[in-house]
Amino acid sequence: MGLLDIVPAGVVTGKNLLKLFKYASENGFAIPAINCTSTSTVNAALEAARDIKSPIIIQFSQGGSAYFAGKGLANKNQEASILGAIAGAQYIRTVAAAYGIPVVIHSDHCAKKLLPWFDGMLAADEQYYAAHGEPLFSSHMLDLSEETKEDNIEICLKYLKRMAAIDCWLEMEIGITGGEEDGVDNSGVDNASLYTQPEDIWDIQRSFSEITPLFSIAAGFGNVHGVYAPGNVKLHPELLGKHQAYVVDQLKCEYQKPVFFVFHGGSGSTEEEIAIAVSNGVIKMNVDTDTQWAYWEGLKNYYESKKGYLQTQVGNPDGENKPNKKYYDPRVFIRSSEMSMLKRVQQACKDLGNVNVL
């Protein structure tokens, strides 16, 4: 039995999303969450997953959402980020089923100062649920890791109750992800803050489970956003196994991976680190920096290979009167970026064991 015998192709939410993550956990694979900023990057991620028979998660950051709507729009009150995230979700809903794979629509890190963005997306979810019986987005992430543990859990629970009513999944973070991404700078935090304690995981698992099973935890095990020189980042994914064991002991349950873990800062991680994380219950890994580079590298390589045809509209190595339109057509050079990004998305899927699982 494959994944498509359990969940449908297209956007998955609610009980189907729970089935998807349970299937991943039980079968020892995880799904990459690809940060996207345009229909082009969305298409590259969807095509990549389709061609290797894999589910995929498309996610939008606050800044990526604003970019999706257009850099010319004001965003003082998060209005462009709200609009862009909704537009991105609606676009994915329009095309996802055509790719024949399960697709998760997710919003990335939302710190406390960005809650108006979260509120705007959640309002759109509630409106969509009233019309269609499911939320517009599959899931959202609240990153309140800079707050006290008590405030973090309290605020998350408030939102979780509201999200549970519309079958929307919540991803929360406990323990800070270092580095810098999308305007959130944690590059100077104390190293101890990068590691979550098992008691924290249990507090979350216990209190959240009283409301809904639709949640996951981004636990800190030394994670850092971005790509750094070897040796500069000390990941300890084996800690996730200790967290699982602690929760199992509290629950007295048979299944050894009751917690759905999320791996943040996946770019630049080794295959061994990823494999250990997945073996300990990671079902989602964020990938952004590496796919950004891949998209740029595709464009760079295209320009370097066609440089003589990209200096003027007319005139190239084949003749001074030869036109160059077919070389500077955006559909050509952007496609080179997409194909390069596609390969990196597929590599992420392979690293996570997420190939031929449909």
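Helices and strands are taken here as DSSP runs (H or I over at least four residues for a helix, E over at least two for a strand), numbered from the N terminus. By that count, helix α1 spans residues 14-26, and Lys19 sits in it. The model is a predicted one, so a few ground rules apply: local features need pLDDT of at least 70, side-chain atom pairs count only at pLDDT 80 or more, and totals for chains, interfaces and linings use all residues. Residues are numbered from 1 along each chain as its sequence is written, while side-chain values use heavy atoms, with hydrogens and water left out.

Starting with the whole chain, the tally is 12 helices and 13 strands. The radius of gyration, taken over C-alpha atoms, is set against a globule rule of 2.2 Å times the number of residues to the power 0.38. For this chain it is 21 Å, close to the 21 Å that the rule gives for 358 residues, so the chain is as compact as a globular protein of that length. Along the principal axes, the C-alpha atoms fill a box of roughly 75 × 50 × 45 Å.

Next comes burial, where buried means under 20% relative accessible area, exposed means over 50%, and partly exposed lies in between (1.4 Å probe, protein chains only). Of the 358 residues, 55% count as buried. Contact means heavy atoms within 4.5 Å. Among contacts between residues at least 6 apart in sequence, 70% join residues at least 24 apart.

Strand β11 (residues 282-287) is a good place to look inside. Six of its six residues are buried, so the strand is largely enclosed by the rest of the structure. Two strands are said to pair if DSSP finds at least two bridges between them. Strand β2 (residues 31-35) runs parallel to β11, joined to it by four bridges, and Ala33 has Asn286 of β11 as its bridge partner. Strand β10 (residues 261-263) also pairs with β11 in the parallel sense, over three bridges; here Phe263 stands opposite Met285.

Back in helix α1, the home of Lys19, the picture is another one. Lys19 has a relative accessibility of 40% and therefore counts as partly exposed. Leaving aside neighbours within four places in sequence, Lys19 is in contact with Ile6 and Val7. Ile6 lies 13 residues away along the chain, and its C-alpha atom is separated from that of Lys19 by 7.2 Å.
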